[in-house]
Amino acid sequence: MDVASPRQPLSELFKSLGDPTRLRILRVLSREELPVGTLAEVLGMAQSGISRHLSLLKSAGLVRLRREGVTHLYRLPDEPEDPRLQALWASIHDWLGELPQAEADDVRLARVMAARSSKSLEFFQEVAPHWDGLREAQYGEDLRQLALLELLPRDLTVLDVGTGTGFMLAGVASRVQHFIGVDPSEAMLSQAASNLESAGFAQADLRRGTMEALPVDAATVDVVLANMVLHHAEDPTVALKEMARVLRPGGRVVLTDLARHEHGWTAEELADAWPGFETGELEDFLRAADLIPRVVRTAGTCSLHRKSGETHEVGVLLVTADRIDTRH
């Protein structure tokens, strides 16, 4: 039987309020949500004793328990579970302030909370020079990407040009209204379909086509993604004009590609048509395609791998450009 139900004798319910220690516990919890250990520290008592009192108060519906990982946190409910006590609840809060230990408990609570804050500050002060490595080891980069993806409007239609195995689509599929992947390789599209199905997108819209002749109607897409594909185009301007064609007025192209490099072997070993691009060169291509460059900058490096096992670091360019709105 729920001991806080109306069927519980009033004598038992008020008995839970008849102990000075339990009243002190209620008063402290009216100020902070706390675990047993911190309560024991504030009240200067053993944890075992505090736990017994908390168990009784919880059974009476006078405190609530919340689990946060392996930690059990206690707090006062906004209202007691027993409706017969609800009319008295505000008065009980006021009466708790009259406890003779109230002031001393407040001082200890403030000291404990300040020490906890200071300990956290000292930790971050100490690890600041090494935090990037610690953060990456503990959390990786996925959290940042997830947070940034939440900035995307939900009603977008996104096209991924040269989608390959669907890597880019897998990152945005759950956050947009519709997504399309285009690739000239049936094998790549088959792998993309399998990857996206495994990620929960069994009805992925994948189409076979080239970046120079996209199988997408004009002015039907809000964002075009092109991740490391433009350097495979025979004529980048033609490919960019196709991306501009399928964009709605005001739509955006977001692409990454290789910065200009001197590794001629990529033409044969990686099927590259261009040895990367200069930033000014890309800006000219974009303008020729009626796209307005917004960002064209270096954004890190990537590794090019030879069949012999050699690797070479090459700069990566990040580009955003908007379609000119020809209605004005």
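Two rings of Phe, Tyr or Trp count as an aromatic pair if their centres lie within 6.5 Å, with the six-membered ring used for Trp. By that rule the structure, which is a predicted model, holds four aromatic pairs.

**Stop 1: the rings.** Start by selecting F277 and F285. Their rings meet edge-to-face, at 6.1 Å centre to centre and with 90 degrees between the planes. Both of these phenylalanines are buried. Now add W274 to the selection: ring pairs link W274, F277 and F285 into a cluster.

**Stop 2: helix α14.** F285 leads you on to α14, so select residues 279–288. Which residues of this helix are buried? They are E281, L282, F285 and L286. These residues span an arc of only 135 degrees around the axis, and therefore sit on the same side of α14. Show the surroundings next: the cover over the buried residues of α14 includes α12 (236–246), β9 and β10. Before leaving, step just past the end of the helix to D290, which takes a positive phi of about 60 degrees.

**Stop 3: the hairpin.** Select β9 (residues 291–305) together with β10 (residues 311–323). The two strands run antiparallel and are joined by twelve bridges. For one example, pick T301 and look across to its bridge partner in β10, G315. With five residues between them, β9 and β10 form a hairpin, and G309 in the turn has a positive phi of about 105 degrees.

**Stop 4: the nonpolar cores.** Go back to L282 and display its contacts. Beyond residues up to four places away in sequence, L282 touches L230, F277, V296, L317 and V319. Widen the view to the largest nonpolar core, which has 32 residues; those touching the most other members are L159, V224, L230, L240, L282 and L291. Colour by element to see where this core comes from: β4, β5 (178–183), β7 (221–227), α12, β8 (247–258), α14, β9 and β10 each give two or more residues. The most comes from α12, with five residues. Apart from this core lies another, of 29 residues, including V28, A40, I50 and L62.

**Stop 5: a threonine in a loop.** Finish at T163, in the loop between β4 (157–161) and α10 (167–172). Is T163 buried or exposed? Its relative accessible area is 6%, so T163 is buried. To see what surrounds this threonine, select L169, G181, V182, D183 and L189, its contacts once neighbours within four places in sequence are left aside.

Notes
Residues are numbered from 1 along each chain as its sequence is written. This is a predicted model: local features need pLDDT of at least 70, side-chain atom pairs count only at pLDDT 80 or more; totals for chains, interfaces and linings use all residues. Side-chain values use heavy atoms; hydrogens and water are left out. Helices (H or I, at least four residues) and strands (E, at least two) are DSSP runs, numbered from the N terminus. Buried means under 20% relative accessible area, exposed over 50%, partly exposed in between (1.4 Å probe, protein chains only). Contact means heavy atoms within 4.5 Å. Rings of Phe, Tyr and Trp (its six-membered ring) pair if their centres lie within 6.5 Å; planes under 30 degrees apart count as stacked, over 60 as edge-to-face and the rest as tilted. Two strands pair if DSSP finds at least two bridges between them. The arc is that of the directions from the helix axis to the C-beta atoms. A nonpolar core is a set of buried Ala, Val, Leu, Ile, Met, Phe, Trp, Tyr and Cys residues joined through side-chain atoms within 4.5 Å.
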